[in-house]
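Q: Please pick out a single part of this model for a close look. Start there, then move outward through the chain.

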Amino acid sequence: MSPEWLLADGAPFVDGLVLSHPEQLERLRRVCPEAEKDSVLAGDPCFDRMLAGRRHRERFRRALGVRRGQRLVVLNSTWNPEGFFGNGGDQDLLPSLLPRLASELPADDYRLAAVLHPNIWYGHGPGQIRVWLDRARRSGLTLIDPVHAWRQALLAADVVLGDFGAVSYYAAALGIPMLLAAAAQDRLDPEAPLATFVREAPRLDPYGPLRGQLEDVLARHHPVAGAAEFVSSAPGKSAALLRRLFYTLMDLPEPAAPALLESLPLPPYDPPPRTAPLDVRAHVRGADVRVERSAGHPYDAVGESHLAVHEDTRDPGSLALADVIFREGQPDDPRLGGPEEWAAEVLHRYPHCSLAGYVTGPHSCAVRAREHGVFQLSAGPGADADPAAYASALYAWLAGGGAVAPGGTTLRVHAAGRVHPVTVTPATPPARPPRSAAEDGRGSPGAESPSPA
């Protein structure tokens with residue numbers, strides 16, 4: 001709110017200047033009194049839509065692929081060189097933070113999503129944005145539609161890492177725990193509530209352990225005082241106030257029907273597959289298997305480790321080193337030949353691999369272990385983890401000497417602060433394991449695969 005933005009030739013060039021709170025009107029009187037007569041208090045329709053959409057939080061979380069027990073971390077950046085996604089400030093944080101977040105946050109405990117201002121997308125181009133964030137996307141980062149889905153992502157969030165933009169303030173107004181990763185204040189009116197929020201909000205230490213900071217802000221969170229109050233002085237009423245303004249400007253009678261805002265749509269279910277190699281730490285005690293997967297090996301990680309790699313990884317060399325190879329697909333996909341044929345081909349092609357897992361649905365997986373046979377993994381009551389994590393748990397359990405009973409075995413997989421009962425059912429007798437390409441004299445990766453044993 002300044003004369004250079006609101007006046008042309010000394011007079012307002014708008015028919016109506018919409019403000020959401022009397023606090024803004026008071027500042028307007030001080031900095032640009034010429035625009036006061038054209039201002040109107042009409043609430044905030046964006047905030048009203050989010051307030052109405054809070055009841056669908058769990059649906060929004062499922063649309064983003066967030067499972068029970070997982071925490072959704074939303075990173076947001078405004079359009080500014082000093083913003084979280086900018087590089088004109090004192091430090092360029094995001095490029096160094098993204099790989100650390102993927103490494104330090106267990107993949108089954110956390111999901112990452114990024115809300116970037118529309119001008120970032122349009123200023124650099126969608127292709128460039130996706131190239132810059134390609135590594136993070138392969139590690140599980142979801143890029144949120146900057147126009148149609150950012151409100152839903154914010155409502156779904158457990159914690160927000162942001163900057164001095166409006167999305168961070170909306171998060172605080174909605175009571176969502178947050179940390180400021182970029183907090184430049186020279187771009188803000190020092191008397192604005194947003195500036196007060198930036199001065200007082202908790203900061204992210206980009207050089208400290210990230211997981212501990214997130215867990216601490218989640219455990220100690222207290223809503224920011226006054227944030228919701230200053231977003232809108234008329235929560236839930238913006239549709240009626242704005243329509244009244246519009247019809248007044250058109251000099252037309254206002255309709256008698258209620259003024260209503262469009263509900264926030266349910267985003268499509270399209271969580272990105274993690275195709276970056278995953279470091280898996282497992283602790284086995286009886287039928288209990290604790291699993292932590294991450295795109296990298298944290299410096300303080302403990303436990304028996306193995307490598308799990310998606311078949312569509314960008315780094316095919318990692319497949320030759322993988323202990324577990326997995327992919328997703330329909331059981332009757334003719335391109336892959338079905339789970340058993342696919343798994344036999346994988347074990348034949350990669351002699352180091354001990355277990356191949358074919359995720360057939362959100363709660364099921366077909367696996368073939370080289371020395372143990374073919375099994376079906378099915379989530380039991382209350383289980384809701386990635387079936388590829390179940391495959392890694394079975395690998396660790398079998399490697400530790402476990403044996404599946406003829407009638408099946410139930411493993412208790414510990415991940416995301418929950419226990420996930422998983423039924424392991426033999427699908428075929430433990431026949432002769434598939435020979436590798438090296439064993440049958442066909443060492444070429446392009447050699448014809450054998451029939452499933």
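A: **One loop residue and its surroundings**

Ala 149 sits in the loop that runs between strand E7 (141-143) and helix H9 (150-156); helices (H or I, at least four residues) and strands (E, at least two) are DSSP runs numbered from the N terminus. The model is predicted, so local features need pLDDT of at least 70 and side-chain atom pairs pLDDT 80 or more, while totals for chains, interfaces and linings use all residues. Residues are numbered from 1 along each chain as its sequence is written, and side-chain values use heavy atoms, without hydrogens and water.

Is Ala 149 buried or exposed? Its relative accessibility is 13%, so Ala 149 counts as buried (buried is under 20% relative accessible area, exposed over 50%, partly exposed in between, with a 1.4 Å probe and protein chains only). Once neighbours within four places in sequence are set aside, Ala 149 is in contact with Ile 144 and Pro 267 (contact means heavy atoms within 4.5 Å). Pro 267 is 118 residues away along the chain, but the C-alpha atoms of Ala 149 and Pro 267 are separated by 6.5 Å.

Other links across the sequence are salt bridges (a side-chain nitrogen of Lys or Arg within 4 Å of a carboxyl oxygen of Asp or Glu). The count comes to 23 salt bridges. One of them joins the side chains of Arg 67 and Asp 384, at 3.0 Å from N to O. This pair links distant parts of the chain, 317 residues apart: Arg 67 is in the loop between H4 and E5, and Asp 384 is in the loop between strand E16 (373-379) and helix H16 (387-399). Both Arg 67 and Asp 384 are buried.

Another salt bridge is formed by Arg 211 and Glu 292, whose closest N and O atoms are 3.2 Å apart. Arg 211 belongs to helix H12 (residues 210-219) and Glu 292 to strand E11 (residues 288-294), so this pair ties together parts 81 residues apart in sequence. Arg 211 is partly exposed, with a relative accessible area of 25%, and Glu 292 is likewise partly exposed at 25%.

Arg 281 and Asp 279 also meet through their side chains in a salt bridge, at 2.9 Å from N to O. Arg 281 has a relative accessibility of 3% and therefore counts as buried; Asp 279 is buried too, with a value of 13%. Through shared partners, salt bridges join Arg 211, Glu 215, Asp 279, Arg 281 and Glu 292 into one network.

On the surface, Phe 246, Leu 249, Met 250 and Leu 252 form a nonpolar patch, and their accessible area together is about 400 Å². Met 250 is part of helix H14 (residues 238-250). With a relative accessible area of 46%, Met 250 is partly exposed.

The chain as a whole has 16 helices and 18 strands. Its C-alpha trace spans about 85 × 50 × 40 Å along the principal axes. Of its 453 residues, 49% are buried. Among contacts between residues at least 6 apart in sequence, 62% join residues at least 24 apart. The accessible surface comes to about 21,600 Å², and carbon and sulfur atoms account for 53% of that surface (Shrake-Rupley method, 1.4 Å probe; for residues, only the protein chains shown count as cover).

Note on methods
Patch = residues over 30% accessible without salt bridge, like charges linked within 9 Å, V, L, I, M, F, W, Y side chains within 5 Å.
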